[in-house]
Amino acid sequence: MISLEKLLRPNIRQLKPYSSARDEYKGVEAHVFLDANENPFNAPINRYPDPLQLQLKQKLSVIKGVRPACIFMGNGSDEAIDLVYRAFCRPGVDNVVAIDPSYGMYQVCADINDVAYRKVLLDENFQFHADDLLKAADGNTKAIFLCSPNNPTGNSLCEVEIEKLLRQFEGIVVIDEAYFDFSNHATFSHRLDEYPNLIVLQTFSKAWGCAAIRLGMAFASEEIIAVFNKIKYPYNVNQLTQQEALKALEHVDAVKEWVRILKAERSRLMDALRELSVTEKVFETDANFVLVRVTDAVAIYNYLVGRGIIVRNRHRVSLCAQCLRITVGTPEENDELLEAMKAYHETETINQ
Ligand SMILES: *Cc1c(COP(=O)(O)O)cnc(C)c1O
(Lines give C-alpha, C1' and ligand atoms only; values in the text may rest on other atoms or scores of the structure.)
Protein backbone atom coordinates (compact mmCIF):
# COMPACT_ATOMS: atom_id res chain seq x y z
CA MET A 1 0.00 0.00 0.00
CA ILE A 2 1.22 3.53 -0.65
CA SER A 3 1.32 5.53 2.58
CA LEU A 4 -1.95 6.65 4.10
CA GLU A 5 -0.61 10.21 3.99
CA LYS A 6 -0.34 10.03 0.19
CA LEU A 7 -3.72 8.35 -0.25
CA LEU A 8 -5.64 10.95 1.77
CA ARG A 9 -7.06 14.08 0.19
CA PRO A 10 -4.69 16.96 1.05
CA ASN A 11 -7.47 18.97 2.76
CA ILE A 12 -8.31 15.98 4.96
CA ARG A 13 -4.65 15.37 5.81
CA GLN A 14 -4.43 18.98 6.99
CA LEU A 15 -7.86 19.23 8.59
CA LYS A 16 -8.14 20.51 12.12
CA PRO A 17 -11.32 18.79 13.33
CA TYR A 18 -14.18 20.38 15.28
CA SER A 19 -13.62 19.87 18.96
CA SER A 20 -16.86 19.32 20.85
CA ALA A 21 -17.43 19.87 24.57
CA ARG A 22 -17.53 16.10 24.98
CA ASP A 23 -14.16 15.79 23.24
CA GLU A 24 -12.48 18.35 25.44
CA TYR A 25 -13.70 16.99 28.74
CA LYS A 26 -13.90 13.21 28.94
CA GLY A 27 -13.58 12.56 32.69
CA VAL A 28 -16.34 10.87 34.65
CA GLU A 29 -15.74 12.38 38.12
CA ALA A 30 -17.50 15.67 37.41
CA HIS A 31 -21.17 16.11 38.33
CA VAL A 32 -21.92 19.63 37.15
CA PHE A 33 -21.88 19.90 33.38
CA LEU A 34 -22.09 23.51 32.22
CA ASP A 35 -19.90 23.14 29.17
CA ALA A 36 -22.17 22.19 26.27
CA ASN A 37 -25.14 24.57 26.49
CA GLU A 38 -27.45 21.63 27.13
CA ASN A 39 -30.75 21.99 28.97
CA PRO A 40 -30.34 20.64 32.53
CA PHE A 41 -33.94 19.35 32.43
CA ASN A 42 -35.45 16.46 30.45
CA ALA A 43 -32.99 13.76 31.48
CA PRO A 44 -31.82 11.36 30.15
CA ILE A 45 -31.98 12.67 26.58
CA ASN A 46 -30.93 16.24 27.42
CA ARG A 47 -27.20 15.41 27.14
CA TYR A 48 -25.10 15.01 23.99
CA PRO A 49 -24.15 11.39 23.39
CA ASP A 50 -20.62 9.98 23.49
CA PRO A 51 -19.12 11.09 20.14
CA LEU A 52 -16.95 7.96 19.94
CA GLN A 53 -19.49 5.43 21.32
CA LEU A 54 -16.82 3.87 23.54
CA GLN A 55 -19.11 1.70 25.65
CA LEU A 56 -20.68 0.28 22.52
CA LYS A 57 -17.32 -0.31 20.87
CA GLN A 58 -15.96 -2.09 23.94
CA LYS A 59 -18.86 -4.55 23.92
CA LEU A 60 -18.76 -4.96 20.17
CA SER A 61 -15.02 -5.51 20.32
CA VAL A 62 -15.50 -8.66 22.42
CA ILE A 63 -18.18 -10.04 20.10
CA LYS A 64 -16.37 -9.20 16.88
CA GLY A 65 -12.79 -9.85 17.97
CA VAL A 66 -11.64 -6.42 16.73
CA ARG A 67 -9.93 -3.82 18.96
CA PRO A 68 -12.09 -0.74 19.78
CA ALA A 69 -9.52 1.55 18.13
CA CYS A 70 -10.09 -0.34 14.86
CA ILE A 71 -13.88 0.15 14.92
CA PHE A 72 -15.87 3.04 13.42
CA MET A 73 -19.60 3.31 13.99
CA GLY A 74 -21.81 5.31 11.69
CA ASN A 75 -25.36 6.21 10.70
CA GLY A 76 -25.68 2.95 8.75
CA SER A 77 -22.77 1.50 6.82
CA ASP A 78 -23.82 4.02 4.20
CA GLU A 79 -22.07 6.67 6.30
CA ALA A 80 -18.81 4.70 6.17
CA ILE A 81 -19.16 4.32 2.38
CA ASP A 82 -19.52 8.10 2.06
CA LEU A 83 -16.54 8.69 4.35
CA VAL A 84 -14.31 6.57 2.10
CA TYR A 85 -14.97 9.08 -0.69
CA ARG A 86 -14.66 12.14 1.52
CA ALA A 87 -11.39 10.92 3.04
CA PHE A 88 -9.58 9.67 -0.04
CA CYS A 89 -11.10 10.92 -3.29
CA ARG A 90 -10.51 14.39 -4.70
CA PRO A 91 -13.72 15.46 -6.50
CA GLY A 92 -13.31 15.66 -10.26
CA VAL A 93 -9.83 14.11 -10.08
CA ASP A 94 -9.78 10.70 -8.40
CA ASN A 95 -11.78 7.58 -9.19
CA VAL A 96 -12.81 4.27 -7.63
CA VAL A 97 -13.22 0.82 -9.18
CA ALA A 98 -16.07 -1.50 -8.24
CA ILE A 99 -17.55 -4.82 -9.23
CA ASP A 100 -20.76 -4.72 -11.28
CA PRO A 101 -23.48 -5.53 -10.38
CA SER A 102 -23.25 -4.58 -6.72
CA TYR A 103 -24.80 -2.40 -4.03
CA GLY A 104 -26.16 0.86 -5.47
CA MET A 105 -24.86 3.17 -2.74
CA TYR A 106 -21.23 2.89 -3.89
CA GLN A 107 -22.14 4.65 -7.12
CA VAL A 108 -24.59 7.13 -5.54
CA CYS A 109 -21.91 8.27 -3.07
CA ALA A 110 -19.38 8.49 -5.91
CA ASP A 111 -21.78 10.70 -7.90
CA ILE A 112 -22.54 12.93 -4.90
CA ASN A 113 -18.83 13.39 -4.28
CA ASP A 114 -18.10 13.92 -8.00
CA VAL A 115 -15.78 10.91 -8.12
CA ALA A 116 -15.61 8.79 -11.28
CA TYR A 117 -17.02 5.30 -10.73
CA ARG A 118 -15.43 2.57 -12.86
CA LYS A 119 -17.51 -0.59 -13.06
CA VAL A 120 -15.99 -3.96 -13.90
CA LEU A 121 -18.48 -6.62 -14.91
CA LEU A 122 -18.49 -9.88 -12.93
CA ASP A 123 -18.19 -13.14 -14.89
CA GLU A 124 -21.09 -15.51 -15.61
CA ASN A 125 -20.66 -17.07 -12.15
CA PHE A 126 -20.87 -13.60 -10.57
CA GLN A 127 -17.16 -13.82 -9.65
CA PHE A 128 -14.48 -11.18 -10.16
CA HIS A 129 -10.87 -11.49 -11.22
CA ALA A 130 -8.35 -9.35 -9.38
CA ASP A 131 -6.44 -8.70 -12.60
CA ASP A 132 -9.53 -7.16 -14.27
CA LEU A 133 -10.01 -4.71 -11.40
CA LEU A 134 -6.29 -3.90 -11.32
CA LYS A 135 -6.38 -3.23 -15.08
CA ALA A 136 -9.30 -0.82 -14.62
CA ALA A 137 -7.34 1.11 -11.96
CA ASP A 138 -4.84 3.90 -12.59
CA GLY A 139 -2.75 6.32 -10.54
CA ASN A 140 -5.86 8.19 -9.42
CA THR A 141 -7.78 5.12 -8.24
CA LYS A 142 -8.01 5.52 -4.50
CA ALA A 143 -10.35 2.66 -3.58
CA ILE A 144 -11.82 -0.57 -4.89
CA PHE A 145 -15.26 -1.68 -3.68
CA LEU A 146 -16.10 -5.36 -3.19
CA CYS A 147 -19.22 -6.80 -1.60
CA SER A 148 -19.23 -10.36 -0.25
CA PRO A 149 -21.76 -11.92 -0.11
CA ASN A 150 -22.65 -9.63 -2.98
CA ASN A 151 -25.92 -7.74 -3.37
CA PRO A 152 -27.97 -8.43 -5.52
CA THR A 153 -26.35 -11.71 -6.66
CA GLY A 154 -26.09 -13.31 -3.21
CA ASN A 155 -22.83 -15.20 -3.77
CA SER A 156 -19.61 -14.83 -1.80
CA LEU A 157 -16.60 -13.61 -3.75
CA CYS A 158 -13.58 -15.87 -4.19
CA GLU A 159 -11.27 -15.48 -1.21
CA VAL A 160 -8.08 -16.12 -3.20
CA GLU A 161 -8.95 -13.28 -5.60
CA ILE A 162 -9.76 -10.95 -2.70
CA GLU A 163 -6.39 -11.70 -1.11
CA LYS A 164 -4.63 -11.11 -4.41
CA LEU A 165 -6.32 -7.74 -4.77
CA LEU A 166 -5.46 -6.75 -1.20
CA ARG A 167 -1.78 -7.58 -1.84
CA GLN A 168 -1.47 -6.03 -5.28
CA PHE A 169 -3.63 -2.90 -5.11
CA GLU A 170 -1.84 0.10 -3.67
CA GLY A 171 -4.97 1.90 -2.49
CA ILE A 172 -7.91 1.10 -0.22
CA VAL A 173 -9.91 -2.12 -0.64
CA VAL A 174 -13.40 -1.98 0.86
CA ILE A 175 -15.10 -5.33 1.53
CA ASP A 176 -18.78 -4.88 2.34
CA GLU A 177 -19.81 -7.82 4.54
CA ALA A 178 -23.38 -6.68 5.24
CA TYR A 179 -24.60 -10.27 4.71
CA PHE A 180 -21.64 -12.16 6.13
CA ASP A 181 -23.69 -13.54 9.10
CA PHE A 182 -25.74 -15.62 6.65
CA SER A 183 -22.70 -17.20 4.99
CA ASN A 184 -20.30 -19.91 6.12
CA HIS A 185 -17.24 -17.93 5.08
CA ALA A 186 -14.75 -16.29 7.41
CA THR A 187 -14.82 -12.52 7.85
CA PHE A 188 -11.88 -10.41 6.67
CA SER A 189 -12.24 -8.22 9.79
CA HIS A 190 -9.71 -10.45 11.60
CA ARG A 191 -7.01 -9.71 9.04
CA LEU A 192 -6.57 -5.98 9.52
CA ASP A 193 -2.96 -6.42 10.69
CA GLU A 194 -2.13 -8.36 7.54
CA TYR A 195 -3.70 -5.77 5.20
CA PRO A 196 -3.28 -2.09 6.18
CA ASN A 197 -5.31 -1.06 3.11
CA LEU A 198 -8.41 -3.06 4.13
CA ILE A 199 -11.75 -1.60 5.27
CA VAL A 200 -14.45 -4.13 6.21
CA LEU A 201 -18.08 -2.97 6.48
CA GLN A 202 -20.75 -4.68 8.54
CA THR A 203 -24.16 -3.49 9.73
CA PHE A 204 -26.87 -3.85 12.36
CA SER A 205 -29.48 -3.65 9.58
CA LYS A 206 -29.62 -7.29 8.47
CA ALA A 207 -28.79 -10.25 10.79
CA TRP A 208 -29.09 -8.05 13.88
CA GLY A 209 -32.62 -7.02 12.93
CA CYS A 210 -32.00 -3.33 13.67
CA ALA A 211 -32.39 -1.53 10.33
CA ALA A 212 -34.51 1.19 11.98
CA ILE A 213 -31.80 2.38 14.37
CA ARG A 214 -29.34 3.12 11.52
CA LEU A 215 -26.08 1.68 12.76
CA GLY A 216 -23.21 0.43 10.66
CA MET A 217 -19.62 -0.52 11.41
CA ALA A 218 -16.31 -0.18 9.63
CA PHE A 219 -13.28 -2.20 10.73
CA ALA A 220 -9.88 -0.96 9.61
CA SER A 221 -6.39 0.01 10.81
CA GLU A 222 -6.22 2.41 13.74
CA GLU A 223 -4.90 5.06 11.36
CA ILE A 224 -7.83 4.80 8.95
CA ILE A 225 -10.36 4.78 11.82
CA ALA A 226 -8.68 7.90 13.25
CA VAL A 227 -9.25 9.65 9.91
CA PHE A 228 -12.94 8.64 9.87
CA ASN A 229 -13.34 9.92 13.43
CA LYS A 230 -11.77 13.21 12.42
CA ILE A 231 -14.12 13.89 9.50
CA LYS A 232 -17.45 12.41 10.69
CA TYR A 233 -20.20 14.60 12.16
CA PRO A 234 -19.35 14.99 15.85
CA TYR A 235 -22.42 13.15 17.18
CA ASN A 236 -23.10 10.88 14.22
CA VAL A 237 -24.64 8.05 16.28
CA ASN A 238 -27.43 9.31 18.50
CA GLN A 239 -28.03 8.24 22.10
CA LEU A 240 -31.19 6.22 21.40
CA THR A 241 -29.34 4.22 18.77
CA GLN A 242 -26.41 3.59 21.10
CA GLN A 243 -28.80 2.36 23.82
CA GLU A 244 -30.72 0.07 21.47
CA ALA A 245 -27.47 -1.35 20.12
CA LEU A 246 -26.20 -2.06 23.64
CA LYS A 247 -29.44 -3.94 24.27
CA ALA A 248 -29.08 -5.86 21.00
CA LEU A 249 -25.56 -6.91 21.95
CA GLU A 250 -27.00 -8.58 25.06
CA HIS A 251 -29.02 -10.87 22.79
CA VAL A 252 -26.42 -12.50 20.60
CA ASP A 253 -28.24 -15.82 21.06
CA ALA A 254 -31.45 -14.41 19.58
CA VAL A 255 -29.51 -13.22 16.53
CA LYS A 256 -27.94 -16.66 16.10
CA GLU A 257 -31.40 -18.23 16.30
CA TRP A 258 -32.83 -15.80 13.71
CA VAL A 259 -29.94 -16.59 11.39
CA ARG A 260 -30.47 -20.33 11.87
CA ILE A 261 -34.18 -20.00 11.02
CA LEU A 262 -33.51 -17.75 8.03
CA LYS A 263 -30.88 -20.09 6.61
CA ALA A 264 -33.28 -23.04 6.90
CA GLU A 265 -36.05 -20.98 5.27
CA ARG A 266 -33.64 -19.92 2.56
CA SER A 267 -33.03 -23.58 1.58
CA ARG A 268 -36.72 -24.35 1.68
CA LEU A 269 -37.57 -21.27 -0.39
CA MET A 270 -34.88 -22.08 -2.96
CA ASP A 271 -36.12 -25.67 -3.35
CA ALA A 272 -39.72 -24.53 -3.69
CA LEU A 273 -38.80 -21.78 -6.19
CA ARG A 274 -36.97 -24.35 -8.34
CA GLU A 275 -40.24 -26.30 -8.63
CA LEU A 276 -42.22 -23.35 -10.02
CA SER A 277 -42.90 -23.26 -13.73
CA VAL A 278 -42.14 -19.51 -13.85
CA THR A 279 -38.62 -20.11 -12.53
CA GLU A 280 -35.74 -20.34 -14.98
CA LYS A 281 -32.88 -20.29 -12.49
CA VAL A 282 -32.39 -19.97 -8.74
CA PHE A 283 -28.89 -18.65 -8.02
CA GLU A 284 -26.80 -19.94 -5.13
CA THR A 285 -26.79 -17.49 -2.23
CA ASP A 286 -24.92 -16.87 1.03
CA ALA A 287 -27.20 -13.96 1.99
CA ASN A 288 -30.74 -13.58 3.40
CA PHE A 289 -32.14 -13.15 -0.10
CA VAL A 290 -32.37 -15.20 -3.27
CA LEU A 291 -31.88 -14.01 -6.83
CA VAL A 292 -34.25 -15.81 -9.20
CA ARG A 293 -34.45 -15.63 -12.97
CA VAL A 294 -38.08 -15.95 -14.03
CA THR A 295 -40.01 -16.05 -17.28
CA ASP A 296 -41.16 -12.41 -17.06
CA ALA A 297 -39.72 -10.39 -14.15
CA VAL A 298 -41.75 -7.22 -14.75
CA ALA A 299 -45.08 -9.03 -15.10
CA ILE A 300 -44.48 -11.21 -12.06
CA TYR A 301 -43.27 -8.26 -10.03
CA ASN A 302 -46.44 -6.31 -10.86
CA TYR A 303 -48.63 -9.31 -10.18
CA LEU A 304 -47.05 -9.75 -6.73
CA VAL A 305 -47.51 -6.03 -5.96
CA GLY A 306 -51.19 -6.48 -6.78
CA ARG A 307 -51.32 -9.15 -4.10
CA GLY A 308 -49.56 -6.94 -1.57
CA ILE A 309 -46.22 -8.74 -1.83
CA ILE A 310 -43.19 -6.64 -2.65
CA VAL A 311 -39.98 -8.15 -3.99
CA ARG A 312 -37.15 -6.33 -5.73
CA ASN A 313 -37.22 -6.19 -9.50
CA ARG A 314 -33.57 -6.40 -10.67
CA HIS A 315 -34.41 -6.80 -14.37
CA ARG A 316 -32.52 -3.64 -15.35
CA VAL A 317 -29.35 -4.48 -13.38
CA SER A 318 -26.24 -5.82 -15.19
CA LEU A 319 -26.26 -9.63 -15.59
CA CYS A 320 -29.66 -9.77 -13.85
CA ALA A 321 -32.08 -9.63 -16.79
CA GLN A 322 -35.46 -11.19 -15.83
CA CYS A 323 -34.33 -11.48 -12.22
CA LEU A 324 -36.19 -10.82 -8.99
CA ARG A 325 -34.40 -10.48 -5.68
CA ILE A 326 -36.48 -12.05 -2.93
CA THR A 327 -35.69 -11.47 0.74
CA VAL A 328 -36.16 -14.52 2.98
CA GLY A 329 -39.09 -13.74 5.29
CA THR A 330 -40.90 -15.67 7.99
CA PRO A 331 -42.13 -19.17 7.03
CA GLU A 332 -45.66 -17.70 6.63
CA GLU A 333 -44.45 -14.85 4.41
CA ASN A 334 -42.44 -17.23 2.25
CA ASP A 335 -45.46 -19.52 1.87
CA GLU A 336 -47.60 -16.57 0.81
CA LEU A 337 -45.02 -15.58 -1.80
CA LEU A 338 -44.79 -19.15 -3.16
CA GLU A 339 -48.59 -19.47 -3.32
CA ALA A 340 -48.82 -16.20 -5.22
CA MET A 341 -46.15 -17.23 -7.71
CA LYS A 342 -47.99 -20.51 -8.33
CA ALA A 343 -51.26 -18.59 -8.79
CA TYR A 344 -49.56 -16.25 -11.29
CA HIS A 345 -48.71 -19.25 -13.45
CA GLU A 346 -52.32 -20.44 -13.32
CA THR A 347 -53.76 -17.05 -14.36
CA GLU A 348 -51.21 -16.91 -17.20
CA THR A 349 -52.18 -20.37 -18.43
CA ILE A 350 -55.89 -19.49 -18.36
CA ASN A 351 -55.31 -16.24 -20.26
CA GLN A 352 -53.45 -18.01 -23.08
C1 LIG B 1 -28.27 -3.52 3.28
C2 LIG B 1 -26.86 -3.26 2.88
C3 LIG B 1 -26.04 -2.45 3.67
C4 LIG B 1 -26.57 -1.84 4.92
O5 LIG B 1 -26.57 -0.50 4.90
P6 LIG B 1 -26.98 0.27 6.23
O7 LIG B 1 -26.73 1.68 5.85
O8 LIG B 1 -26.03 -0.22 7.31
O9 LIG B 1 -28.39 -0.06 6.55
C10 LIG B 1 -24.72 -2.27 3.30
N11 LIG B 1 -24.22 -2.88 2.22
C12 LIG B 1 -24.97 -3.68 1.45
C13 LIG B 1 -24.36 -4.36 0.31
C14 LIG B 1 -26.32 -3.87 1.75
O15 LIG B 1 -27.05 -4.65 0.95
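1. Two strands are said to pair if DSSP finds at least two bridges between them. In this predicted model, strand S2 (residues 95-100) and strand S4 (residues 141-147) pair over 4 bridges, in the parallel sense. One position can be followed in detail: Ala 98 has Phe 145 in S4 as its bridge partner.

2. The wider sheet should be considered next. It is an open sheet of 7 strands with mixed pairing, and the order is S1-S7-S6-S5-S4-S2-S3. Strand S1 (71-74) and S3 are the edge strands, each of which pairs on one side only. From one strand to the next, the twist averages 20 degrees.

3. Two helices may be described in relation to these strands. Helix H5 (residues 77-88) packs on the sheet and touches S1, S2, S3 and S4, together with strand S5 (172-176), strand S6 (198-203) and strand S7 (216-220). The direction of H5 makes about 155 degrees with that of S6. Helix H6 (residues 105-112) lies across S3, S4 and S5, and runs at about 155 degrees to S3.

4. The aromatic residues deserve a separate point. The structure holds 9 aromatic pairs. One of them joins Phe 126 and Phe 283; this pair is tilted, with 5.1 Å centre to centre and 50 degrees between the planes. Phe 126 lies in the loop between strand S3 (116-121) and helix H7 (130-136), and Phe 283 in the loop between strand S8 (279-282) and strand S9 (289-294), so the pair ties together parts that are 157 residues apart in sequence. Both Phe 126 and Phe 283 are buried.

5. Why is the pair of Phe 204 and Trp 208 tilted? The ring centres are 5.2 Å apart and the planes stand at 40 degrees; planes under 30 degrees apart would count as stacked and those over 60 as edge-to-face, so the remaining angles count as tilted. Phe 204 is buried, with a relative accessible area of 0%, and Trp 208 is buried at 5%.

6. Ring pairs also link Tyr 85, Tyr 103, Tyr 106 and Phe 145 into a cluster. Phe 145 is thus named twice in this note, as it is also the bridge partner of Ala 98. Elsewhere, Arg 325 lies over the face of Phe 289, at 5.5 Å from the ring centre.

7. Is Tyr 301, in helix H12 (residues 297-306), buried or partly exposed? Tyr 301 has 23% relative accessibility; buried means under 20%, so Tyr 301 counts as partly exposed. Apart from its neighbours within four places in sequence, Tyr 301 is in contact with Ile 310, Val 311, Asn 313 and Leu 324.

Key: Residues are numbered from 1 along each chain as its sequence is written. This is a predicted model: local features need pLDDT of at least 70, side-chain atom pairs count only at pLDDT 80 or more; totals for chains, interfaces and linings use all residues. Side-chain values use heavy atoms; hydrogens and water are left out. Rings of Phe, Tyr and Trp (its six-membered ring) pair if their centres lie within 6.5 Å; planes under 30 degrees apart count as stacked, over 60 as edge-to-face and the rest as tilted. Buried means under 20% relative accessible area, exposed over 50%, partly exposed in between (1.4 Å probe, protein chains only). A charge sits over a ring if NZ of Lys or CZ of Arg is within 6 Å of the ring centre and within 35 degrees of the ring normal. Contact means heavy atoms within 4.5 Å. Axes are lines fitted to C-alpha atoms, for helices over the stretch in contact, and angles run from 0 to 180 degrees between N-to-C directions.
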